[in-house]
Amino acid sequence: MATKPRSIFEDVSDVQKPVAAPGGIDGRGKGARRAIRAWLMVLFALLVVMITVGGLTRLTDSGLSITEWAPLSGALPPMNADAWQAEFEAYKQIPEYIEQNAGMSLSAFKAIYWWEWGHRQLGRFIGLVWALGFFWFLLRRQIPVGWTGRLVLIGALGGLQGAIGWWMVYSGLQAGMLDVASYRLATHLGLAFVILGFIAWYVFLLGRREADLMQARRGGELKLFSMSTGLMHFAFLQILLGALVAGIDAGRAFPTWPLMGDGFLPPDPFQITPIWRNFFEDAGLVQFIHRMSGYLLMIFGVIVWMRGRKSANGQTRFAFNVVLALLALQMVVGITTALYSAPVQIAIIHQFTAVLMWVAILRARYLARYPLTQSIRGK
């Protein structure tokens, strides 16, 4: 297209030049990042409460009090005396009542029933909060580009968690079972920590603009990020081992430390056949493996911390200091739990501290990959 000729006396400043829009990376499809982040933080808090209530449900032996999976109709508790009696009669048919709680009163049954009902009801509520938030942002077209799949993933994992919860409970209703299968409990708790981890990571990412994240990524410490990723996986393994301990009440088996009873190894650790069942069902062996893994996790945590303290970024160094402190605290609480035969109050603190440790590791890992800007003085 031909352009209009300019006069030789025309000032250069009079020429209109295209101006680049600032913030181009964040300019298109940025969505309601702050609002979505706040919604995810609500989900995060609810999930922490859910994990705590789930732990108390297990520690109070309440998990088998509801013997059917009714996602919709089960939202309402028994509303009259006949309904309560029907629930109680159903509970009387399972091995836990027959072999462990025979003669339980209706009032005692109601106490364990409310724990399990509350746990399931909280799961329903979390699903509702996710659905309302997701479809609100989706219909208003406020989800940032590239984030729809991530938010759907959280909801899908939440639905899967509900199904795994019933799969876990169902194992405890079978002949010869007084509790749920420990490996199913570990799967249930492990998925809860996976969901918690995804939510925490998304909250971290949404706290900064995409342009800032891209800039920060250039200054990321890849070696430290890789080591913290290994620490994250190791901590997750230790959480799963802790669930195996809780699943068979192995934390109450040997109230001694540092020895397992009178020796380093638990007595007769391979008495169950086939031999592989010992790693899930022998209380002494399961607790021993959890202890040894805890020691190794602490050692590796110190190694990662030593690498983290060399970071040039002060906030990254502080994040790894927090990780080391929580690892040490978790070990002390774990030892105390074993020494006192896993009372409910201490055992639930042990589980809650695991949540803090898990999030602290994720935060340190995030800062290793996306360090925050700091002044020249490094503050």
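What radius of gyration does the chain have, against that of a compact globule of 379 residues? I looked it up in a predicted model, in which local features need pLDDT of at least 70, side-chain atom pairs count only at pLDDT 80 or more, and totals for chains, interfaces and linings use all residues. Residues are numbered from 1 along each chain as its sequence is written, and side-chain values use heavy atoms, without hydrogens and water.

I read 27 Å for the chain, where a compact globule would be near 21 Å. The radius is taken over C-alpha atoms, and the globule rule is 2.2 Å times the number of residues to the power 0.38. Along the principal axes, the C-alpha atoms fill a box of roughly 105 × 55 × 35 Å.

Next I checked the elements. I found 13 helices and zero strands; these are DSSP runs (helices H or I, at least four residues; strands E, at least two), numbered from the N terminus.

Then I turned to packing. Buried residues are 45% of the 379, with buried meaning under 20% relative accessible area (1.4 Å probe, protein chains only). I noted that 79% of the contacts with a separation of 6 or more join residues 24 or more positions apart; contact means heavy atoms within 4.5 Å.

The largest nonpolar core (buried Ala, Val, Leu, Ile, Met, Phe, Trp, Tyr and Cys joined through side-chain atoms within 4.5 Å) has 76 residues, and W39 and L40 touch the most other members. Helix α7 (residues 182-206) gives this core its largest share, 15 residues. Leaving out residues up to four places away in sequence, I listed the partners of L40, including L151, I154 and Y202. Another core, of 18 residues, lies apart and includes I112 and W117.

Notes:
Buried means under 20% relative accessible area, exposed over 50%, partly exposed in between (1.4 Å probe, protein chains only).
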